[in-house]
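Work through the exercises below with the sequence and the structure open side by side. Each task is followed by a solution in steps.

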Amino acid sequence: MGERGRLVAMGEVPGVRAELEGKRIVVTNGCFDLLHVGHLRCLDFARSLGDLLWVGINDDRSVRSQKGENRPIHAEAERAELLAGLRPVDLVTVFSGRRATAFLQAVQPTVYVKGGDYRRETLDAEERQALERMGVEIRFFPLVEGRSTTAAWEALQKR
């Protein structure tokens, strides 16, 4: 895809996805509010599983609803740009709503990756059912000990 990832608006997803027919598309998603080495290692792992890595990020409103009024730390456009600048990331899409279901259905990935703080049983039921209906392989990346956005945010607040 090139040296930098490409930002793809939700409305553009179907057209971009059509261009990628036959590719092994790996997807992950999340807030990616305060990047740390655990994120990078998970992105590297995800990218190794296919031809390209497409990252979905929660919009600012959904981050606030999930994480509280002090979040996100960085606005969605900045989070998307940062992710697009990382070597393993090919495509980035900001999606609205707490759930990634519409994004996942539009992308139709081959593989879905989440961090080790999730298990199949703890994935959002709606998202998991959509992935299972599409026949998507679900993989988990082990947590990097001592690295989490919440821990980093709490440490920063104590300073």
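A residue counts as buried if its relative accessible area is under 20%, and as exposed if that area is over 50%. The model used here is predicted.

**Exercise 1. Burial of an aromatic cluster**

Task: Find which residues ring pairs link into a cluster with W54, and decide whether F95 is buried or exposed.

Solution:
- Step 1. The cluster linked by ring pairs consists of W54, F95 and F103.
- Step 2. F95 has a relative accessible area of 3%; this is under the 20% limit, so F95 is buried.
- Step 3. F103 has 1% relative accessibility and is therefore buried by the same limit.

**Exercise 2. Classifying ring pairs**

Task: State how many aromatic pairs the structure holds, and classify the pair F45 and F141 as stacked, tilted or edge-to-face.

Solution:
- Step 1. The number of aromatic pairs is three.
- Step 2. In the pair of F45 and F141, the ring centres are 5.3 Å apart and the planes make an angle of 40°, which is a tilted arrangement.
- Step 3. F45 belongs to helix α2 (residues 37-47) and F141 to strand β6 (residues 137-141), so this pair ties together parts 96 residues apart in sequence.
- Step 4. F141, at 15% relative accessibility, counts as buried.
- Step 5. For F95 and F103 the centres are 5.7 Å apart and the planes lie at 15°, so this pair is stacked.

**Exercise 3. The side chain of N29**

Task: Establish where N29 is found and which side chain a polar contact of 2.5 Å joins to that of N29.

Solution:
- Step 1. N29 sits in strand β2.
- Step 2. With a relative accessible area of 8%, N29 is buried.
- Step 3. The side chain of N29 makes its 2.5 Å polar contact with the side chain of Y112.
- Step 4. Leaving out residues up to four places away in sequence, N29 touches G56, F95, A100, Y112, V113 and K114.
- Step 5. Seen from Y112, with such sequence neighbours again left out, the residues touched include V27, N29, L104 and L123.

**Exercise 4. The nonpolar cores**

Task: Identify the residues that touch the most other members of the largest nonpolar core, and the element that gives the most to this core.

Solution:
- Step 1. The largest nonpolar core has 19 residues, of which V27, W54 and Y112 touch the most other members.
- Step 2. Two or more residues each come from α1 (13-19), β2 (25-30), β3, β4 (91-95) and α5 (101-107).
- Step 3. Of the elements, α5 gives the most, with three residues.
- Step 4. Another core, of 18 residues, lies apart from this one; among its members are V26, L43, L53 and I57.

**Exercise 5. The buried side of a helix**

Task: List the buried residues of helix α3 and state what covers them.

Solution:
- Step 1. Within α3 (residues 60-67), the buried residues are D60, S62 and V63.
- Step 2. These residues span an arc of only 160° around the axis, which puts them on the same side of α3.
- Step 3. Their cover includes β3 (52-58) and α4 (76-84).
- Step 4. After α3 comes G68, with a positive phi near 115°.

**Exercise 6. The whole chain**

Task: Count the helices and strands, and give the share of residues that count as buried.

Solution:
- Step 1. The chain has seven helices and six strands.
- Step 2. Their order from the N terminus is β-α-β-α-β-α-α-β-α-β-α-β-α.
- Step 3. Of the 159 residues, 45% count as buried.
- Step 4. Among contacts between residues at least 6 apart in sequence, 79% join residues at least 24 apart.

Key: Residues are numbered from 1 along each chain as its sequence is written. This is a predicted model: local features need pLDDT of at least 70, side-chain atom pairs count only at pLDDT 80 or more; totals for chains, interfaces and linings use all residues. Side-chain values use heavy atoms; hydrogens and water are left out. Buried means under 20% relative accessible area, exposed over 50%, partly exposed in between (1.4 Å probe, protein chains only). Helices (H or I, at least four residues) and strands (E, at least two) are DSSP runs, numbered from the N terminus. The arc is that of the directions from the helix axis to the C-beta atoms. Contact means heavy atoms within 4.5 Å. A nonpolar core is a set of buried Ala, Val, Leu, Ile, Met, Phe, Trp, Tyr and Cys residues joined through side-chain atoms within 4.5 Å. A polar contact is a pair of N or O atoms within 3.5 Å; within protein, one must be able to donate a hydrogen and the other to accept it, and residues adjacent in sequence count only if both atoms are side-chain atoms. Rings of Phe, Tyr and Trp (its six-membered ring) pair if their centres lie within 6.5 Å; planes under 30 degrees apart count as stacked, over 60 as edge-to-face and the rest as tilted.
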